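Here are a few exercises to work through with the model open beside you. Try each task before reading its solution.

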Amino acid sequence: MIGNISLNSFLVISTLMFFIGIYGFLTRRNLITMLMSIELILNSVNINFVVFNRFLYPNQLQGHFFSLIVIAVAASEAAVAIAIIINIYRNFKSIDVENLDQMKF
Amino acid sequence: MTLSDIMFYLFAGSILTFSVLTVTSRRILRSAVYLLFVLVSTAGLYFMLNYNFLAAVQLTVYAGGIIVLIIFSILLTSHVSEKAVVAPLKQQIFSALAVAAGAVLTLMTIFKFAFTPTASPAIESNVQNVGRALVSYGRDGYALPFEVISILLLAAMVGAIVLAKKEKHLDPTEPTSNN
């Protein structure tokens, strides 16, 4: 079902997605949107693992399982991060990173 | 131009467009929905690569779970019509420059590197093989990471509940006893 699409075209997509995620992480000022940029980065890494598995080592499923585990880690990370964000909102009434300098020395 | 080519370019285009919209949209709820489109298109790529189980996991966990969680937290912490604060223009320009430099470097490396696929015969990635590998502990078995990830999920779940739990004493001057 892949047809004649090369490995490189998949890698180009995941690279661009990764760097778009980094751009979002650097420029966003809201904790939730920064979390969404991290999800973009994790997703692009997943694409890399899966594509390497399919194109270079189709005799085993290592990349497939690595992606599965990354998805599980991303889910638990999102759950804990959102719990922390809600707690911060309760204490500071804001989730803007500019206002969160309470613990700065 | 075959059908799979058209599908690939469709998914690729929607992934790139919606990723850019995710990180640039001023409305937070909209950017969450754009992230949903990115994740669904990624699941489409997995379907194209014939990893059906992984695509289903991507759809249920990412698109179904994480996005719902994110949208809930957006609704809890900000107004729907609230616009996100953007970084100063100077910082945006320098971030864009750094990101572009990184992307160009990585793409040059990718195009220069000669990937050599293995000559071994491919195995089918159906649910039967995936399930067998997930619970076998011999060679090519993934029982240990499977157990570790279940412990991690349990710990994250308990931690999230404890963190987000409302304290009984809302008065900040009054000392709380149990934490």
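The expected span of a helix is 1.5 Å times one less than its number of residues. Keep in mind that the model is predicted.

**Exercise 1. Work out what span helix α3 (residues 52–77) of chain B should have, and set it against the model.**

Solution. Start with the length: helix α3 of chain B has 26 residues. At 1.5 Å a residue, the helix should span 38 Å. Now look at the ends: the end C-alpha atoms of this helix are 36 Å apart, which agrees with the expected span.

**Exercise 2. Find which residues of α3(B) are buried, and what covers them.**

Solution. First apply the cut-off: a residue is buried if 20 or more other C-beta atoms lie within 10 Å of its own. In the first part of the list for α3(B) you will find Leu54(B), Ala55(B), Gln58(B) and Tyr62(B). The list goes on with Ile66(B), Ile67(B), Ile70(B), Ser73(B), Ile74(B) and Thr77(B). Next, turn to the cover: it includes α2 (31–55) and α3 (62–92) of chain A, along with α2 (28–48) of chain B. To read the spacing in such a list, recall that an α-helix has 3.6 residues a turn, so residues three or four places apart point the same way.

**Exercise 3. Describe the side of chain B that touches chain A.**

Solution. Begin with the head count: chain B gives 74 residues to the contact and chain A gives 63 residues. Then assign the chain B side to elements: α1 (3–24), α2, α3, α4 (89–112), α5 (127–135) and α6 of chain B supply at least two residues each. The largest share, 13 residues, comes from α3(B). Finally, sort this side by class: it has 51 nonpolar, 21 polar and two charged residues.

**Exercise 4. Decide why chain B is called more spread out than a compact globule.**

Solution. List the elements first: chain B has six helices and zero strands. The radius of gyration of chain B is 22 Å, whereas the globule rule gives 16 Å for 179 residues. The value is well over the rule, so chain B is more spread out than a compact globule. For its dimensions, the C-alpha trace of chain B spans about 70 × 50 × 30 Å along its principal axes. As for burial, 24% of the 179 residues of chain B count as buried.

**Exercise 5. Is Val148(B) buried or exposed?**

Solution. Locate the residue first: Val148(B) lies in helix α6 (residues 143–164) of chain B. Val148(B) has 12 C-beta neighbours inside 10 Å, so it counts as exposed.

Technical notes
Residues numbered from 1 in each chain as written. Chains lettered and ligands numbered in written order. Predicted model: local features only at pLDDT ≥ 70, side-chain atom pairs only at ≥ 80, totals over all residues. Helix = DSSP H or I, 4+ residues; strand = E, 2+ residues; numbered from the N terminus. Contact = placed C-beta atoms within 7 Å. Nonpolar A, V, L, I, M, F, W, Y, C, P; charged D, E, K, R; others polar. Rg over C-alpha atoms; globule rule 2.2 N^0.38 Å.
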